Amino acid sequence: MIDTYQLTPEYRVSVDYDDTPRDSAECWYDTVFYEVESYNNLGIHNGRADIVAALEGVEEAVNGYAYTGPRAVSRALIRHLERHGYKAVYRTLPGQFPSDWISAVIAVSDTAGVELDGAVNDWERWYNDDYYVLTLERRHVWHDDEGATLETWDAVDSLYGVALENSNDANEVKQAARWYFDVEEVA
């Protein structure tokens, strides 16, 4: 568990890393993520199969003709995508650790109604695995026959795959928990 934040006297929320396998941004809408280079040479090519196959052909042609580096490949990929109805950009994503960087062309279809900046943010979050589990807990006070009390926190509800900018920002976590779990703020 990363941390716990008090919402009301009766409710709190705990935050933890969500390590469940997740769909990539291509599953949410018509986008493309095409790795040009990375520290680990991951070979991530996500998107519609016909688009990825065409991009692989473009990359092979550029590399076979006059390879001048990843920038030349990325420019050729972007030009190809733009000629076929996509908005595209070349970005380097830092990853979780210094050796996790990846440079990729990220693109969205002109007809998908998706902003390119939003798709870039979603792919970066997917690559960095910035998803969390929020668990709503309710306070339970136990009393025994001798008058002693014991306080426990019982899990009431959980939500997986929550995207947070900063899991250590109490206000952001509390706001997300109140919205997802519909817990009212105490005056």
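Ser14 has a relative accessibility of 7% in this predicted model, so this serine counts as buried, the cut-off being under 20%. The residue belongs to strand S2, which covers residues 11–17. Beyond its neighbours within four places in sequence, Ser14 is in contact with Met1, Asp3 and Thr4, and also with Val133, Leu134, Thr135 and Glu137.

The strands around S2 help to place these contacts. Strand S1 (residues 3–6) runs antiparallel to S2, and four bridges join the two. Thr4, one of the contacts of Ser14, stands opposite Ser14 in this arrangement. The connection from S1 to S2 is a hairpin of four residues. S2 also pairs with strand S7 (residues 131–143), again in the antiparallel sense, over seven bridges. Here Tyr17 has Tyr132 of S7 as its bridge partner.

Attention can now turn to the nonpolar interior. The largest nonpolar core holds 17 residues, and those touching the most other members are Val32, Leu55, Leu77, Leu81 and Val105. Two or more residues come from each of strand S3 (31–38), helix H1 (49–66), helix H2, strand S5 (86–93) and strand S6 (102–109). H2 makes the greatest contribution to this core, giving five residues. Another core lies apart from it, with 15 residues that include Phe33, Ala104, Leu116 and Val120. As for Val32, its contacts more than four places away in sequence are Asn46, Gly47, Ile51, Leu55, Tyr86, Val105, Ile106, Ala107 and Trp123.

Helix H2 itself deserves a closer look. The helix runs over residues 70–83, and at 1.5 Å a residue its 14 residues should span 20 Å; the C-alpha atoms at its ends are 20 Å apart, so the expected and computed values agree. Its buried residues are Pro70, Ala72, Val73, Ser74, Ala76, Leu77, Ile78, His80 and Leu81. Among these, Leu77 and Leu81 are also named above as residues of the largest core. After H2 comes Gly85, which has a positive phi, near 85°.

Aromatic rings complete the picture. The whole structure contains three aromatic pairs. In one of them, formed by Trp179 and Tyr180, the ring centres are 5.0 Å apart and the planes meet at 75°; the pair is therefore edge-to-face, a class that requires an angle over 60 degrees. Trp179 has a relative accessibility of 65% and so counts as exposed, whereas Tyr180, with a relative accessible area of 39%, is partly exposed.

Definitions and conventions
Residues numbered from 1 in each chain as written. Predicted model: local features only at pLDDT ≥ 70, side-chain atom pairs only at ≥ 80, totals over all residues. Heavy atoms only, no water. Expected span 1.5 Å × (residues − 1). Buried < 20%, exposed > 50% of the residue type's maximum accessible area, 1.4 Å probe, protein only. Contact = heavy atoms within 4.5 Å. Pairing = 2+ DSSP bridges. Phe/Tyr/Trp six-rings, centres within 6.5 Å; stacked < 30°, edge-to-face > 60°. Core = buried A, V, L, I, M, F, W, Y, C linked by side-chain atoms within 4.5 Å.
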